[in-house]
Amino acid sequence: MPTDAEQRRDEQTGERWGARASFLAGAKAAAPIYIGIVPFGLVTGVSAVSVGIPVTETIAMSAVVFAGASQLAGIQLIANGAAFPIIWLAALVINLRFVMYSASLAPHLRAVGLGKRSFAAYLMTDQAFALSVGQFSEDDNPFEGVMKFWFYSGVALPIWVLWMITTVIGAVFGAQIPASWGLDFVIPLMFLAILMPALRDRPALVAAAVGAVVAVAADGLPFNLGLITAAVAGIVAGQLAEART
Amino acid sequence: MNTTWLWLVIVGMGVVTFALRVSVIAFQDRLTLPPALRRALRFVPAAVLAAIVAPAVVYGEGGLELSLANERLLAALVAALVAWWRKSLLLTLLAGMAAFWSLRALFG
C-alpha cells in the first residue's frame with residue numbers, strides 16, 4: 001500500500017488517481033483472477049507434501065520462487081530425484097516467458113526507481129502482467145507515470161497474499177491425505193489446464209506436439225534431461241512451423 | 001530428502017526466476033531483446049507444458065502404457081476436453097480427478 005506521505009502528496013496535488021486510488025483500482029480489476037489462484041495454490045501445497053517435501057520448505061518455496069508452474073515442475077523433479085542443476089534449468093526454461101513480460105512491463109515502470117522495479121519484478125505473474133499491460137494500452141487509460149506502478153501493485157500484491165495463504169492451507173491439509181489417493185495426478189492435470197489455452201494456432205500446436213513426443217521418447221535420459229531436450233525441440237519446431245506459414 | 005539439498009534447490013530456483021523477471025525492467029536503459037529471442041519465447045509455454053504433461057500421463061507403474069487400460073491417459077483426455085470446452089482450471093481438475101478415481105475403482 002502507498003505510504004501516508006505519498007497519499008498526502010497526492011491529495012495536495014489534487015490528483016484524482018492518487019497512489020491509493022490506483023492501488024485499489026488494480027486490486028478491484030484483479031478480483032476475477034482470485035478464483036483461479038485458490039485451487040492452483042492449494043494444489044501446489046498439496047502436491048509438494050504428497051511427494052515428501054516438509055511443510056516449512058513447501059511454504060519457503062512459494063515465497064522464494066513464487067511461480068506456480070515452475071514450482072509444480074520442481075516438485076515433480078524433486079520426487080524423481082533429479083540433480084539440482086537440472087531442476088534450476090527446468091525453472092529457467094519454464095519461466096523464460098517472464099523475460100517477455102519484463103520487456104512489456106519495462107516502459108510502464110520507467111517512472112520508479114530500482115527498489116520499486118525489483119518489487120514489481122518479484123510480484124510478476126502471468127495474470128498481473130496480462131491485466132496491467134492490457135489496462136495501460138487502453139485508449140482511456142487514466143494511469144500515468146508512478147500511478148502505473150501503484151495500479152500494477154494493486155493487481156499483483158493480493159495475488160501474492162492469496163498464493164501464500166492457499167499454499168499453506170494446501171501443505172498443512174495435504175499432509176493428512178494418504179498417498180494411495182494418487183493426488184499427485186493433479187500436477188499433470190494442472191499443466192494440462194494451462195496448456196490448452198496456449199494452443200492458439202498451428203505453430204503453437206506443433207510446438208506442443210513435438211515437445212510431448214520428444215519428452216516421452218527422451219524420458220530415460222540421465223538427470224531428467226528429457227524435459228529440457230523436449231522443450232528446446234518444441235520451441236524450434238514451433239518456429240519452423242511459423243516460418244512455413 | 002536431504003534438507004540442505006532441498007534448500008539449495010529452492011534458493012537456486014528463486015534466484016533464476018527473479019533474474020528472469022527483473023531482467024528488462026531493471027536494466028531497460030541498457031538492454032534490448034533480440035527479435036529472434038522474442039519469437040522463440042512465444043513457443044515456450046506450449047512446448048514446456050506439453051513436455052511436462054506427456055511423460056507423466058503415458059508412463060504407468062509398468063513403464064510406457066500407450067493403451068486405453070492406462071487410467072491416467074484416459075483421465076487426462078477427459079480433462080483436456082473439459083479444458084478446451086471451458087477455460088476453467090477448477091473444472092478441469094475436478095473432471096480429471098473424478099475420471100481418474102472412477103476408472104481406478106472400475107478397473108484397478
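**Figure 1. Chain A is an all-helix fold, with 13 helices and zero strands.** This is a predicted model, so read every number below as computed from it. Going along the sequence, chain A simply runs α-α-α-α-α-α-α-α-α-α-α-α-α. Its C-alpha trace spans about 65 × 50 × 30 Å along the principal axes. Of the 245 residues in chain A, 50% are buried. If you take contacts between residues at least 6 apart in sequence, 72% of them link residues at least 24 apart.

**Figure 2. Here is where chain A meets chain B: 73 residues of A are in contact with 57 of B.** The largest share of the A side comes from H11(A), which supplies 13 residues. Sorted by class, the A side of this interface has 56 nonpolar, 13 polar and four charged residues. The next panels zoom in on two helix pairs from the two chains.

**Figure 3. Helix H6 of chain A (residues 84-94) packs on helix H1 of chain B (residues 3-27).** The two axes sit 9 Å apart, at an angle of about 25°. Angles under 35 degrees count as roughly parallel, and H6(A) and H1(B) are therefore roughly parallel to each other. Their crossing is right-handed. From H6(A), the residues making the contact are Phe84(A), Ile87(A), Trp88(A), Ala91(A) and Leu92(A). Across from them, H1(B) brings Trp5(B), Leu8(B), Val9(B), Gly12(B), Met13(B), Val16(B) and Thr17(B). That contact divides into 10 nonpolar residues, two polar and no charged.

**Figure 4. Helix H11 of chain A (residues 186-198) crosses helix H4 of chain B (residues 71-85).** The angle is roughly 35°, and the axes come within 9 Å of each other. This crossing is right-handed. On the H11(A) side, look for Pro188(A), Leu189(A), Leu192(A), Ala193(A) and Met196(A). They meet Ala76(B), Ala79(B), Ala80(B), Ala83(B) and Trp84(B) in H4(B). By class, there are 10 nonpolar residues in this contact, with no polar and no charged ones.

**Figure 5. A look at H11(A) itself, a mostly covered helix.** Its 13 residues reach 19 Å from first C-alpha to last, close to the 18 Å expected at 1.5 Å a residue. How many of those residues are buried? The count is 11 of 13. The buried set starts with the run Val186(A), Ile187(A), Pro188(A), Leu189(A) and Met190(A). It goes on through Phe191(A), Leu192(A), Ala193(A), Ile194(A) and Leu195(A), and also takes in Ala198(A). These buried residues have partners in both chains. In chain A they pack against helix H3 (31-50), helix H5 (68-80) and helix H12 (202-217). In chain B they pack against helix H3 (44-58), H4 and helix H5 (89-107).

**Figure 6. Leu199(A) sits in the loop between H11 and H12 of chain A.** Is this loop residue buried or exposed? Leu199(A) has 20 C-beta neighbours inside 10 Å, so it counts as buried. Leaving out residues up to four places away in sequence, Leu199(A) touches Ala204(A), Leu205(A) and Ala208(A), along with Ala46(B) from the other chain. For a sense of scale, take Gln127(A): it is 72 residues from Leu199(A) in sequence, and the two C-alpha atoms are 18 Å apart in space.

Terms used. Residues numbered from 1 in each chain as written. Chains lettered and ligands numbered in written order. Predicted model: local features only at pLDDT ≥ 70, side-chain atom pairs only at ≥ 80, totals over all residues. Helix = DSSP H or I, 4+ residues; strand = E, 2+ residues; numbered from the N terminus. Buried ≥ 20, exposed ≤ 12 C-beta atoms within 10 Å, placed from the backbone. Contact = placed C-beta atoms within 7 Å. Axes fitted to C-alpha atoms, helices over the stretch in contact; angles between N-to-C directions. Parallel < 35°, antiparallel > 145°, perpendicular 65-115°, else oblique. Left-handed = near helix turned anticlockwise from the far one by under 90°. Nonpolar A, V, L, I, M, F, W, Y, C, P; charged D, E, K, R; others polar. Expected span 1.5 Å × (residues − 1).
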